[in-house]
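Grab a coffee and work through a few exercises on the structure shown below. Try each task yourself before reading its solution.

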Amino acid sequence: MFLCRYLSLSRFQNHLPLRIRRLLGKNPNPMTHFSTFSENQTKPHEKVSKLDGVEHKTLKLNGINMHVAEKPASGSGTGSGKDPIILFIHGFPELWYTWRHQMVALSSLGYRTIAPDLRGYGDTDAPEKVEDYTYLNVVGDLVALINAVTDGDKAVFVVGHDWGAMLAWQLCQYRPDKVKALVNMSVLFSPRNSQRVPVTTLRHTFGDDYYICRFQKPGEIEAEFKKLGTEKVLKEFLTYKTPGPLHLPKGKCFERLENDACALPPWLTQEDLDYYVTKYDKKGFTGPINYYRNIDRNWELTAPWTGAKIHVPVKFIVGGQDLTYNFPGAKEYINDGGFKRDVPLLDETVVLKGLGHFLHEEDPDVINQHIHNFFHKFL
């Protein structure tokens, strides 16, 4: 969640040697544009009952049983088996369900929409070993899923958010042949920095209470979350909209002033929250948090891709209030040419003012239009 894109730490520009900072260049990026979103435009969206037509199945893939939600394309000319496929990849602490608005809207436009629960989440298997949650494991799951839904001979459109965006970047690096085009949200591509071990640098920069640092010791943060209760933990994460580092002091996670209650935003109903709570009560947080426990292992495993670029057509969307966008170095990376250098086929970067981290839920209509407008170019 949130600052995942900086795990390679190439975005810590103020802490890097001058010779590296100079590589980012100073040329403005003409492809970045801003859209304004007013807080009072937010409104409640469709309830779970409106998700009729979503099919659920379990597929045996890459050694695990993966739960996959699918909404077939609707409308004239669909259903022939040739409908374009969109694979949606969720982040933390989410599930396939985070894409409910996109699946409904884009299936009506002729896309076959597919959204799995990633390994460790929801109704997908959760391997016990921490080391079973590396980039290579999870991207392996995604490649197997793409092969299963395409009979192994087609590329698909991909949409990612948060950890899902990080995984989508990795998928594009390892298997660009599987991705027709990518819409990624919140988490910028971050090239591997061979000089800095990620967690050590995060701890030095943000302290031991920084949430990624708190997630490293197996069982510790889970015990604290259990005391707080699943609903409170999920509610706090999903409603977080502060453009600054998230700290979880030991024994004081999510402490608030007595009268500072955590209220649900208009885009997240109690029914939505209840669905998440039901699944996390059943599966727990260990699987999802194990992704964070593999940050340094991922850094080691991806050494062969040091200096690699993304050679897939990309549209990037981020909320103006997302703390990932407000992180030191992020705006410079976008505007000074670094992002375009590392992602040569970057078509556009869209900054949606007024939106936070969960932008695809906060204003799904706008996000759906951006996704369709971009993918339609490749049909």
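The exercises go from the whole chain to strands, helices and single residues.

Before you start: this is a predicted model, where local features need pLDDT of at least 70, side-chain atom pairs count only at pLDDT 80 or more, and totals for chains, interfaces and linings use all residues. Residues are numbered from 1 along each chain as its sequence is written, and side-chain values use heavy atoms, with hydrogens and water left out.

**Exercise 1. The overall picture**

Task: Find how many helices and strands the protein has, and what share of its residues is buried.

Solution:
- Start with the elements: there are 15 helices and 9 strands. Helices (H or I, at least four residues) and strands (E, at least two) are DSSP runs, numbered from the N terminus.
- Next, burial: 58% of the 379 residues are buried. Buried means under 20% relative accessible area, exposed over 50%, and partly exposed in between (1.4 Å probe, protein chains only).
- Finally, contacts, meaning heavy atoms within 4.5 Å. Take those between residues at least 6 apart in sequence, and 81% of them join residues at least 24 apart.

**Exercise 2. Strand S3 and its partners**

Task: Work out in which sense S3 pairs with S2 and with S5.

Solution:
- Look at S3 itself, residues 64-71: 7 of its 8 residues are buried, leaving the strand mostly covered.
- Now take S2 (residues 55-61), which pairs with S3 in the antiparallel sense over 7 bridges. Two strands pair if DSSP finds at least two bridges between them.
- For a landmark, go to lysine 57, whose bridge partner in S3 is valine 68.
- S2 and S3 make a hairpin with 2 residues between them, and asparagine 62 in that turn has a positive phi of about 50°.
- Then move to S5 (residues 112-116): S3 and S5 also run antiparallel, over 4 bridges. Here alanine 69 sits opposite alanine 115 in S5.
- One thing to keep in mind when you view a sheet: in a regular strand the side chains alternate between the two faces of the sheet.

**Exercise 3. Helix H2 and what surrounds it**

Task: Say how many residues of H2 are buried, and describe how H2 crosses H15.

Solution:
- H2 covers residues 100-107, and 7 of its 8 residues are buried, so the rest of the structure largely encloses this helix.
- The buried ones are Arg100, His101, Gln102, Met103, Val104, Leu106 and Ser107.
- These buried residues pack against S3, S4 (85-89), S5, H9, H14 (359-362) and H15 (364-375).
- Pick H15 from that list: the axes of H2 and H15 come within 10 Å and cross at roughly 50°. Axes are lines fitted to C-alpha atoms, for helices over the stretch in contact, and angles run from 0 to 180 degrees between N-to-C directions.
- That angle makes H2 oblique to H15. Angles under 35 degrees count as roughly parallel, over 145 as roughly antiparallel, 65 to 115 as roughly perpendicular and the rest as oblique.
- On the H2 side, His101, Gln102, Ala105 and Leu106 meet Pro364, Ile367, Asn368, Ile371 and His372 in H15.
- By class, this contact of H2 with H15 has 5 nonpolar, 4 polar and no charged residues. Ala, Val, Leu, Ile, Met, Phe, Trp, Tyr, Cys and Pro count as nonpolar, Asp, Glu, Lys and Arg as charged, and the others, Gly among them, as polar.

**Exercise 4. Histidine 372 up close**

Task: Decide whether histidine 372 is buried or exposed, and list its contacts.

Solution:
- Histidine 372 lies in H15.
- With a relative accessible area of 16%, histidine 372 is buried.
- Set aside neighbours within four places in sequence, and histidine 372 is in contact with Leu106, Leu109 and Tyr111.

**Exercise 5. Two residues in loops**

Task: Locate tyrosine 121 and asparagine 193, then look at what lies around them.

Solution:
- Tyrosine 121 is in the loop between S5 and H3 (135-150), and is buried with a relative accessible area of 2%.
- Not counting residues up to four places away in sequence, tyrosine 121 touches His90, Gly91, Phe92, Glu94, Leu95, Tyr280, Lys283, Pro288 and Tyr291.
- Asparagine 193 is in the loop between S7 (179-185) and H5 (198-206), and is buried at 8% relative accessible area.
- From C-alpha to C-alpha, asparagine 193 and glycine 307 are 8.6 Å apart in space, though 114 residues apart in sequence.
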